[in-house]
Amino acid sequence: MIRVPHILIIGSAGRNSGKTLLTTAIIRRLGNKFPLVGLKVTTIRERGGACPRGGKGCGVCSSLEGDFQLTEEKNPDLQKDTSRLLAAGASRVFWLRSLRESLESAMKHFLETAPEGCPIVCESNSARTVVDPSLFLMTKRNDEKENKASAKDVLHLADAIIAFEENAFVPSPDDISFINGNWALRERAAAIILAGGKSARMGVDKSLLEIQGKTMIRRLYERLQGNFEEIIISSGEPEKYAIPGVLIVPDQTPDQGPLMGIVSAMERSKHETNFVVACDIPDMDMHIVRKMLRASEDFDAVVPVSGTDKMEPLFAVYKKKTLPLIRETLSRGKRKVRDFFPFCNVKNLKLDEKESIK
């Protein structure tokens, strides 16, 4: 799997589901800010085989020379998807055709050809099987009953399903951005960073430790930026932090541990759904965060479980409606986050072997 943070992959669950419309909308909105690169990937299951769409076919599969071919679109005036991306404002647009078994090599070749570091918007389902992007979206019509074959292989990897109806999308293309070298989708939720002061083990404030010239809390903020409507820092020492646009919330009662930090911040949050993360996880996997947010619809909390049933309560989603339970737990002298779990509906989200919160 090729890790490419600066690529956004847009797939589709069915035909005519607005994939290219969404791609062009993103390019039109952001193309004047960044030199965006467009990419359309066509995967060929077998050389000389029948057209995957049925019927006579267009000749794309049968005309492939070698294991893959990369061509650059130069004409914005043709009625082709690649021309539409160019006309929308992409700086350069490529079409990659590849045999399915050569797709990883084909994508590596494209990445060597594309301008280094430029944000890329890629139309494809199959590309997600060989590329790990910062964001993978799939479009789907509301009346779509059956997913096409290529979608079934990757639907479970989608960070969000973009509903398409009457030429409109939910979530909107306006919620998609490119920030700090990553693609982001703004969630209708808050992110709460727990910055709880000195570490008993290390004797220093972990949030202010530097990694590659940036403090942990700054790196974490930049990872969350653009992915949430609201970012809150929970701290017993709020004077330490000054990040524009971020609400700094002190503990209502000092020295009561992370549970007090969570309740203090959630009471100030504008959102029912809140993602809580400790400040020492600066390079977290946003795919896991979005998986938890999707799973939270019918639960009071979603807590990932890794390894041998190790719960991660400081990397979890909590609903604001749990506040009375948390306050009651604290009033009984209980300070561990998991102390209120027996009294609410908690989803333990098992992570697979390849997933890690750090």
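**An open sheet and an enclosed helix**

Good morning. I begin with one pair of residues: Ile10 stands opposite Glu123 in strand S5. Please keep in mind throughout that this is a predicted model. The pair belongs to the pairing of strand S1, residues 2-12, with strand S5, residues 120-123. These two strands run parallel and are joined by four bridges.

Let me place that pairing in its sheet. The sheet is open and has eight strands, in the order S3-S4-S2-S5-S1-S6-S7-S8, and its pairing is mixed. Which strands form the edges? They are S3, residues 68-73, and S8, residues 168-170, each of which pairs on one side only. From one strand to the next, the twist averages 25°.

I turn now to strand S7, residues 160-165. With S6, S7 pairs in the parallel sense over five bridges, and Leu137 has Ala160 in S7 as its bridge partner. With S8, by contrast, S7 runs antiparallel, and three bridges join the two. Here Phe164 has Phe169 in S8 as its bridge partner. S7 and S8 form a hairpin with two residues between them. In that turn, Glu166 has a positive phi of about 55°.

In a regular strand, side chains alternate between the two faces of the sheet. For S7, the covered face carries Ala160, Ile162 and Phe164. The uncovered face carries Ile161, Ala163 and Glu165.

What lies across the sheet? Helix H7, residues 286-295, lies across S1, S6 (131-141) and S7, and runs at about 35° to S6. Helix H2, residues 81-88, lies across S2 (37-44), S3, S4 (92-99) and S5, and runs at about 155° to S4.

My next topic is helix H6, residues 258-268. How many of the eleven residues of H6 are buried? Eight are, so H6 is largely enclosed by the rest of the structure. The buried residues are Leu259, Met260, Gly261, Ile262, Val263, Ser264, Ala265 and Met266. They pack against five strands and a helix, namely S11 (187-195), S14 (228-235), S15 (247-249), S16 (273-278), S19 (315-319) and helix H8 (323-331).

The packing of H6 on H8 can be described further. Their axes come within 10 Å and cross at roughly 145°, and the crossing is left-handed. On the H6 side, the residues that meet H8 are Leu259, Met260, Ile262, Val263, Met266 and Glu267. On the H8 side, they are Leu323, Ile326, Arg327, Thr329 and Leu330.

Finally, I come to the chain as a whole. The chain holds eight helices and 20 strands. For 358 residues, a compact globule would have a radius of gyration near 21 Å, and the value for this chain, 23 Å, agrees with that expectation. Along its principal axes, the C-alpha trace spans about 75 × 40 × 40 Å.

Of the 358 residues, 52% are buried. Among contacts with a separation of 6 or more, 71% are between residues 24 or more positions apart. The exposed area of the chain is about 17100 Å², of which carbon and sulfur atoms supply 48%.

To close, I return to two elements. S7 is paired in the parallel sense with S6 and antiparallel with S8, while H6 is largely enclosed by the rest of the structure. Thank you for your attention.

Terms used: Residues numbered from 1 in each chain as written. Predicted model: local features only at pLDDT ≥ 70, side-chain atom pairs only at ≥ 80, totals over all residues. Heavy atoms only, no water. Pairing = 2+ DSSP bridges. Axes fitted to C-alpha atoms, helices over the stretch in contact; angles between N-to-C directions. Contact = heavy atoms within 4.5 Å. Buried < 20%, exposed > 50% of the residue type's maximum accessible area, 1.4 Å probe, protein only. Rg over C-alpha atoms; globule rule 2.2 N^0.38 Å. Areas by Shrake-Rupley, 256 points an atom, 1.4 Å probe, with all protein chains shown as cover. Left-handed = near helix turned anticlockwise from the far one by under 90°.
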